[in-house]
Amino acid sequence: MSSSSNAHFDSDPPPSDRAVRVYADGIYDLFHFGHARSLEQAKKLFPNTYLLVGCCNDETTHKYKGKTVMTDDERYESLRHCKWVDEVIPDAPWVINQEFLDKHQIDYVAHDSLPYADVSGAGNDVYEFVKAAGKFKETKRTDGISTSDIIMRIVKDYNQYVMRNLDRGYTRKELNLSYVKEKRLRVNMRLKKLHEKVKEQQEKVGEKIQIVARTAGASRNEWVENADRWVAGFLEMFEEGCHKMGTAIRDRIQESLMGQQSRNLLSNGKFDDEEEEYYDDDSDEEYYDEEYYYDDNEEVEEKEEKPKK
């Protein structure tokens, strides 16, 4: 983390007869140590600082930034538990003005110096007003951590986190999963665990072969090469069998589900879509995949990221 610097912004001298009231604002979704460090910098701008932190509500945030993971009440409460924060201001405005500064007796506004678009759509900086008024203090972002980064980690390893929550008692409906998708994940996880056990046994067999080779006085390299060929051949046949078994299980699940839908159609005159509401049929998806269905060679179009307030 870089130290804060205010060399680019001229500011008024702070009051000397009372605590300096510094204001910082943001969304603070999935509150993390990057947020805490920025608030620490704001708190330590002056020897005697009273730090007010504004947090936008859900309506404002969803309109100008996008969907949040945490509700506004959860984000407010997270801030109240940060030791650098003296006061939380709920329902903070997206763009502050002189009336807001006067109402809360704010001496300075602390934030990183990146421009953030206001509500006009003209690309104006949210903090242009306080910068021009000499009331802006710059803080530095912490590299390597952001709310967007955390969400990306979860999205990247989506299947693993879904299985994690299924194992902890969440239902497939709570996780927005179809019946078929849940069965696919469970079979895939079992096959992965079985594959790991086979690899573990491979290592044990290799160790025993080396012991036998040393005892018999034979060439160690010859024994190891033969062992590797034997085990590699077994694993190749094993993985092929796993794939065939997984495909057969998937087909049986789909046949069963289609049969159930057909019976519902005959009895009710309409399909029961509840079971397949969220199912996306990936016909080429393999049952066992080290990367959990993700293709490293697939190109993903990068979307322009909205400013992180």
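# Notebook: a five-strand sheet and its cores

I started with the contacts: among those in the chain with a separation of 6 or more, 73% join residues 24 or more positions apart. I note here that I am reading a predicted model.

**Entry 1, the overall inventory.** I counted up the secondary structure and got nine helices and five strands. Going along the sequence, I wrote the pattern down as β-α-β-α-α-β-α-β-α-β-α-α-α-α. The chain has 309 residues, and 38% of them are buried. I also looked up the accessible surface, which comes to about 19,600 Å², with 48% of that belonging to carbon and sulfur atoms.

**Entry 2, the sheet.** In what order do the five strands lie in the sheet? I found 3-2-1-4-5, in an open sheet with parallel pairing. Strand 3 (87-89) and strand 5 (136-138) are the edge strands, each pairing on one side only. From one strand to the next, the twist averages 30 degrees.

**Entry 3, strand 1.** Next I turned to strand 1, residues 20-26, and asked how many of its seven residues are buried. The count is seven of seven. I then sorted them by direction: Val-20, Val-22, Ala-24 and Gly-26 point one way, while Arg-21, Tyr-23 and Asp-25 point the other way. That fits the textbook picture, in which side chains of a regular strand alternate between the two faces of the sheet.

**Entry 4, the partners of strand 1.** I checked both neighbours. Strand 2 (residues 49-55) runs parallel to strand 1 and is joined to it by seven bridges. Two residue pairs went into my notes: Val-20 stands opposite Thr-49, and Ala-24 has Val-53 as its bridge partner. Between these two strands the chain passes through helix 1 (residues 33-43), and the β-α-β crossover is right-handed. Strand 4 (residues 108-111) is also parallel to strand 1, with two bridges between them. There, Tyr-23 stands opposite Val-109.

**Entry 5, helices on the sheet.** I looked up two helices that lie across strands. Helix 1 covers strand 1, strand 2 and strand 4, and runs at about 140 degrees to strand 2. Helix 3 (residues 72-80) lies across strand 2 and strand 3, at about 165 degrees to strand 2.

**Entry 6, the cores.** Which residues touch the most other members of the largest nonpolar core? Out of 19 residues, I got Val-22, Tyr-28, Leu-39, Leu-51, Val-53 and Leu-79. Strand 1, helix 1, strand 2, helix 3 and strand 4 each supply at least two residues of this core. I followed Val-22 further, leaving aside neighbours within four places in sequence; its contacts include Ala-42, Leu-45, Phe-46, Leu-51, Tyr-108 and Ala-110. There is a second, separate core of 17 residues, and Tyr-23, Ile-106, Tyr-116 and Val-126 are among them.

**Entry 7, Val-88.** I finished on an edge strand, since I wanted to see how Val-88 sits in strand 3. Is Val-88 buried or exposed? I put Val-88 down as buried because its relative accessible area is 13%, which falls under the 20% cut-off. Not counting residues up to four places away in sequence, Val-88 touches Val-53, Tyr-76, Leu-79 and Arg-80. I also noted the spacing to Leu-51: 37 residues apart in sequence, and 8.7 Å apart in space from C-alpha to C-alpha.

Conventions: Residues are numbered from 1 along each chain as its sequence is written. This is a predicted model: local features need pLDDT of at least 70, side-chain atom pairs count only at pLDDT 80 or more; totals for chains, interfaces and linings use all residues. Side-chain values use heavy atoms; hydrogens and water are left out. Buried means under 20% relative accessible area, exposed over 50%, partly exposed in between (1.4 Å probe, protein chains only). Contact means heavy atoms within 4.5 Å. Accessible areas come from the Shrake-Rupley method with a 1.4 Å probe; for residues, only the protein chains shown count as cover. Two strands pair if DSSP finds at least two bridges between them. A crossover is right-handed if, with the strands pointing away from the viewer, the path from the first strand over the helix to the second runs clockwise. Axes are lines fitted to C-alpha atoms, for helices over the stretch in contact, and angles run from 0 to 180 degrees between N-to-C directions. A nonpolar core is a set of buried Ala, Val, Leu, Ile, Met, Phe, Trp, Tyr and Cys residues joined through side-chain atoms within 4.5 Å.
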